[in-house]
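Work through the exercises below with the sequence and the coordinates at hand. Each task is followed by a solution in steps.

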Amino acid sequence: MNYTQLQAAIVAYSENTSTEFAAEIATFVTQAEQRIYNTIQFPSLRKNVTGTTTTNNKYLQCPSDFLAVYSMAAVDATGAYEYLLNKDVNFIRQSYPNPTEDTGIPKYYALFGPRSDDEKELSFILGPTPDAAYTVELHYFYYPESITTVASGRTWLGDNFDSVLFYGSLVESATYMKQEPDIISLYNQKYQEALMLAKRLGDGMERGDAYRDGQYRQKVT
């Protein structure tokens with residue numbers, strides 16, 4: 001389902017053809033996307049980037065679309081990966097109290113907080129302070145571009161699990177229109193059913209295989 005089809009379906013189910021309602025559809029959809037993306041960890045929500053540490057600088061910038069870390073690794077001169085452990089800023093400060101002397105390949109990281117040059121963006125603090133320019137590989141959680149703004153009008157969610165996006169948007173639209181409680185409850189029930197199926201895929205089937213887990217079998221009675 002592309003965005004044009006999604007808009008038409010929302011209007012048809014809501015039976016609201018007003019221009020005011022049409023102007024709010026993008027908001028309904030983006031709110032639904034955010035709820036879905038924070039409930040199910042689809043592989044499409046992962047991004048992988050590499051960066052480089054600066055010698056004797058314990059700080060590392062986060063990507064501009066960063067939300068949370070899946071993993072972070074520093075790569076040494078031989079190409080070996082040193083996966084960093086997530087710690088609190090206080091732990092790194094106490095473990096490596098002298099940043100100019102406590103140096104080496106980083107072993108720990110923490111979210112330090114907003115950058116001094118841009119309060120809207122975050123930064124990491126590393127421990128120990130890098131003693132060389134190490135390549136850092138970061139896997140992180142982010143929000144994909146919304147179906148409401150992507151040029152093609154298509155996203156992974158719209159193509160592969162449009163039901164959860166559609167019913168999630170209907171819940172938001174019904175709330176906006178102050179629909180009767182039974183209507184909102186019906187839409188929410190359909191949304192929860194679709195969400196359960198999507199979660200089975202994102203948090204279940206995509207995290208296992210038949211070799212390790214065995215094939216799914218339903219008990220015959």
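Buried means under 20% relative accessible area, and exposed means over 50%. The model used here is predicted.

**Exercise 1. Classify Asn16 as buried or exposed, and describe its surroundings.**

Solution.
1. Locate the residue: Asn16 sits in the loop that links helix H1 (3-14) to helix H2 (19-37).
2. Apply the cut-off: the relative accessible area of Asn16 is 17%, so Asn16 is buried.
3. Look for side-chain polar contacts: the side chains of Asn16 and Ser18 are joined by one of 2.8 Å.
4. Set aside the neighbours within four places in sequence: Asn16 is then in contact with Val11, Phe21 and Met177.

**Exercise 2. Determine which residues of H1 are buried and how they are placed around the axis.**

Solution.
1. Check the geometry: H1 has 12 residues and spans 16 Å from its first C-alpha to its last, close to the 16 Å expected at 1.5 Å a residue.
2. List the buried residues of H1: Tyr3, Leu6, Ala9, Ile10 and Ser14.
3. Take their directions from the axis: they cover an arc of only 120 degrees, which puts them on the same side of H1.
4. Recall the general pattern: an α-helix has 3.6 residues a turn, so residues three or four places apart point the same way.
5. Turn to the other side of H1: Thr4 and Ala12 are exposed there.
6. Identify the cover: H2 and helix H5 (162-176) are among what covers the buried residues of H1.
7. Inspect the start of H1: a side-chain oxygen of Asn2 comes to within 3.2 Å of the backbone nitrogen of Thr4.

**Exercise 3. Give the strand order of the two open sheets of four strands, and find the edge strands.**

Solution.
1. One sheet has the order S1-S10-S3-S4, and its pairing is antiparallel.
2. Strand S1 (46-52) and strand S4 (81-83) each have a single partner strand, so both stand at the edges with one side left without a neighbour in the sheet.
3. On average, neighbouring strands of this sheet are turned by 25 degrees against each other, direction ignored.
4. Within this sheet, strand S3 (residues 68-75) pairs with strand S10 (residues 135-141) over seven bridges in the antiparallel sense. Ala74 has Val136 in S10 as its bridge partner.
5. The other order is S2-S8-S7-S5, with mixed pairing.
6. Here strand S2 (59-61) and strand S5 (85-86) are the edges: each has a single partner strand, so one side of each lacks a neighbour in the sheet.
7. S2 and strand S8 (residues 122-127) pair over three bridges in the antiparallel sense. Gln61 stands opposite Ser123 in S8.

**Exercise 4. Where do Glu15, Lys178 and Pro128 lie, and what marks their backbone?**

Solution.
1. Start from the background: most residues other than glycine have a negative phi, and most peptide bonds are trans.
2. Glu15 is not a glycine, yet has a positive phi of about 55 degrees. Glu15 belongs to the loop between H1 and H2, and its relative accessible area of 72% makes Glu15 exposed.
3. Lys178, also not a glycine, has a positive phi of about 55 degrees. Lys178 is in the loop between H5 and helix H6 (181-202), and counts as exposed at 72% relative accessibility.
4. For Pro128, examine omega: the peptide bond joining Gly127 and Pro128 is cis, with omega about -5 degrees. Pro128 lies in the loop between S8 and strand S9 (129-130).

Conventions. Residues numbered from 1 in each chain as written. Predicted model: local features only at pLDDT ≥ 70, side-chain atom pairs only at ≥ 80, totals over all residues. Heavy atoms only, no water. Buried < 20%, exposed > 50% of the residue type's maximum accessible area, 1.4 Å probe, protein only. Polar contact = N/O pair within 3.5 Å; in protein donor to acceptor, adjacent residues only side chain to side chain. Contact = heavy atoms within 4.5 Å. Pairing = 2+ DSSP bridges. Axes fitted to C-alpha atoms, helices over the stretch in contact; angles between N-to-C directions. Expected span 1.5 Å × (residues − 1). Arc of directions from axis to C-beta.
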